[in-house]
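Student: I have a structure open and I'm new to it. Could you show me how to read a few of its features?

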Amino acid sequence: MVPDLLLCLSFGYAAALKPTCLSAQFRRPGDFIIGGLFPFGRDTVNLTARAEPTFVACERLYVAGLLWALGMKFTIDQINNSTSLLPGVKLGYDIHNTCFEPVVALQPSLLFLTRNGMTGIGVLCNYTEYQPHVIAVIGPHKSDLCVLTAKLFSFFLIPQISYGASSEKLSNTELYPSFYRTIPSDKNLVEAVVLLLHKFGWNWIATIGSDDEYGRGAQELFLSIAENHSICIAFDGLIPTDLADPKTQNQVEDIIKEINKTKVNVIVLFASAKPANTLLEHSIRMGLSKKVWIGTDTWMYFNTSASIPNIQSVGTILGFIIKAGTVPGFQKYVADLFTSVQQDKFCQESREINRLMYSGMLDTHCKECDHISLHDISSTLSLSQIQPVYIGVYSVAHALHRALGCTHRACPKASIKPWQLLHFMNTLPFEVNGESFQFDQSHGTNAGYDLMFWSWKNSTLTYLPVGSYEGTLYINKSQIQFHTADQKKPTSECFRHCKPGQFRQVKGFHLCCYDCTDCPENTFWSAKDSSTCTPCLQHQWSPVRSTRCYDRSERYLFWNEPLTIALLTLVSITISLICLTAVLFFKNLETPLVQASGGKLNLFALFTLTLLCLSCCLCIGKPSNNLCMIQQIVYALCLNGCFSTFFIKSLEITLVTEFPHCAPTFLPWVTQRRAWLLVALCLLTECLLCFCYLHLGPDYLMSDYKSLPTEVLLVCSTESWFAFALMHGYNGCLAFVCLLCTFMVETSGKKYNVARGITFAVLLYFIICIFFVTIFTTLKTVLRSVTQIGNILTTSLGILGTYYIPKCYIILLKPDLNTVDYFQSSVKEEPEDSQ
């Protein structure tokens, strides 16, 4: 056959200089007409600018679609010449161009529905006896066209057998009861692709589809099935099918940029031929790194993709094509036909048949067919898959054979309606060239797939079969040479083995894909659960990326740390100053200055200040509940002892200056021995408030696990701020009364103003309190104890510096002022007569 074909090729090439009548070969009359919808044209002209329902023409010839149409013609001619299948019955055909466009496919579809022998479609209530123009329809090729036409033909229950529509949507026999196909559905294809990815260990991939019924449907199926097989989709996108739109180029470029960001090494491409070619062309132009491309027969088995300039630079191309056997005699039939269509007599007869049988009806409009030769289609002819068309026509012929009740010798003359074929197509198998076929429950056939590899040798492409899929996947890996330097399979894995101390952090919405992330502080990695980090217990801590937890050490103000030593030094200095002042006052107890300042009450106040400074030691070392409670009580009582002496002196000054007429009566209660009763009364009141503080809520030991990263902080915390304010507020009240009593007191310039010392001491106390309360309530570190010690020292030094140090200065350095005249008691002063 090959020598004959070569001879015909050479003859056809020489004779192709003049037009042929190939376009007149797509219609023939018969007892039963089978309609055909084939894309033997492409690139419609001005489809978007169409403002009127005028005829839509195709600009270029699509050779593969032409060969499919010729495959239908060949099959019908073969059946008509058969003596066992439909004997005595002649099948006719009416084949039309779809241009891959729904708007073009709809016009011949309406023609098929017209009443037989007429050009109109009858509008009836019951179409049981309706006899349309065709008994069945072969095609169209694309899924989006079939979705449109299948609804139309299903209304009339006209059998429609597609040879290329794989959308899973068409498997719904409730929506499309008369739709059949002779190829597997996308579900089978997707399962094959998923198994291929699993075989090679690729679980981090990108998937791209064309923005049409086929691409969207296949990609949606793939996304759902891939997730169940732990395959992560790093990126999924759609290529616009309207390549004339200026925005399409930007969208394709954006897709390539997104793929670059994901750093995947495998791309699954569910796309029609033109969108797929556009993506490949842009990938080459933009310098996309070499990838493994997994394709389908919609693009990878045609010369249009293989002829893209520098296509070898995209990487490795693998893909599945429908397993289809050869159709014996088809290539010779095509060669003979191209010889015949160049003969005037043959052409004249063909045109006459068309003119007589189909006068006034829609033409096939394939004028480009008349200007090609056998040489122009030879490369596509050797690769063209005709078997799906071949089987589709035979399925109709066998159903018609059974519906008519034919024997091997003859068929009775009867009128058969299209819907009467469905029963026989649904239930009974049929045989084609010794091989049995049958439509399954979803009206499809699953012939399986061949796994093809694009093998390049010396810039020559060979479609090398390297495996197959028929429910299970077989791969001959030794025949696949990848684009890597060592020709071994590249890795495209999402799963990585995380190191100890790292957990799997899921990427986006891909539950099966993750990054290895270090466990944060205070958590640890456990082999029992590698997807999260386990928090440490409250009394434990851990560093970043840890596999275990460590016990926290206790933190408080230690006796031997430098800060404590510095504070104790200050405490010692302060106590020393207070003691020296007390000694000085004791030695000069009978002097006018000491007597004017309060006499022995000063020694008591200095004693309480000494105890106050010694209470700093309660804030150092490991705290306890008792220590926390004692700290505040000691501070309040010691300060109260000092302020009670100021309170008595302030009352004395007020009586003398503000109430001179009452002074002789009440002064004995604030001077001499009775003053000690008032001091005792003040202390007793503070003791009662301290008891309330203990009852309402004393300070307690708190273990703080949050403030320090590796230690547990032991601090005294306030349980009841009301009790705290009640206890310390009493001292504040005493201080405030002292301020009111001494603030406005004026003394002659020749006299010493005792009131000023009390005023400044109290003001300084209030200032220190404001800062202390603010800092004390916010700090939760060891500095809280430091703040409390600082408050005690600054208060003590403030009182010492404002009230006692000036008097020490006079005693030591100005003894000449320590006289009765200068420090004459306020009691003995004669007040000025009021006018």
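Student: Let's start with the empty spaces inside. How many cavities of 30 Å³ or more are there?

Tutor: A cavity is found on a 1 Å grid over the protein atoms alone, as a set of points where a 1.4 Å probe fits but cannot get out. Points are joined across faces, edges and corners, and the volume is the space filled by probe spheres set on them. Here the count is 4 cavities of 30 Å³ or more. Keep in mind that this is a predicted model, where local features need pLDDT of at least 70 and side-chain atom pairs count only at pLDDT 80 or more, while totals for chains, interfaces and linings use all residues. Residues are numbered from 1 along each chain as its sequence is written, and side-chain values use heavy atoms, with hydrogens and water left out.

Student: How much space lies in the largest cavity, and which residues are closest to its centre?

Tutor: The largest cavity holds about 80 Å³. Its lining, meaning residues with an atom within 4 Å of a point, has 13 residues, and Cys619, Gly621, Pro623, Leu714 and Ser785 are the closest to the centre. Strand β27 (residues 711-717) gives the most to that lining, with 3 residues. Strands are DSSP runs of E with at least two residues, helices are runs of H or I with at least four, and both are numbered from the N terminus.

Student: What about disulfides? How many does a search of the whole structure find?

Tutor: A disulfide is a pair of cysteine sulfur atoms within 2.5 Å. The search finds 5 of them. One joins Cys628 and Cys716, with the sulfur atoms 1.9 Å apart. Cys628 lies in helix α18 (residues 625-658) and Cys716 in strand β27, so the pair ties together parts that are 88 residues apart in sequence.

Student: Are those two cysteines buried or exposed?

Tutor: Buried means under 20% relative accessible area, exposed over 50%, and partly exposed in between, using a 1.4 Å probe and protein chains only. Cys628 is buried at 0%, and Cys716 is buried at 11%.

Student: Where do Cys21 and Cys347 lie?

Tutor: These two form a disulfide with their sulfur atoms 2.1 Å apart. Cys21 is in the loop between α1 (2-15) and β1 (27-28), and Cys347 is in helix α11 (residues 344-357), so the link ties together parts that are 326 residues apart in sequence. The torsion of -80 degrees about the S-S bond makes this link left-handed.

Student: Why is Cys613 not bonded to Cys616?

Tutor: Because the sulfur of Cys616, the closest cysteine sulfur to that of Cys613, is 5.9 Å away, too far for a bond. Cys613 is buried, at 0%. The sulfur of Cys617 is 6.9 Å from its closest cysteine sulfur, in Cys616, again too far for a bond. Cys617 is partly exposed, at 31%.

Student: Last one: how do I read a nonpolar core?

Tutor: In soluble globular proteins, nonpolar side chains tend to be buried together. A nonpolar core is a set of buried Ala, Val, Leu, Ile, Met, Phe, Trp, Tyr and Cys residues joined through side-chain atoms within 4.5 Å. The largest one here has 71 residues, and Phe38, Leu70, Met72, Leu86 and Ile138 touch the most other members. Helix α2 (residues 63-80) gives the most to this core, with 11 residues. Apart from it lies another core of 51 residues, including Leu557, Phe643, Ile799 and Ile810.

Technical notes
1 Å grid on protein atoms, 1.4 Å probe; cavity = no way out; pocket = protein on both sides within 12 Å on 5 of 7 lines; lining within 4 Å.
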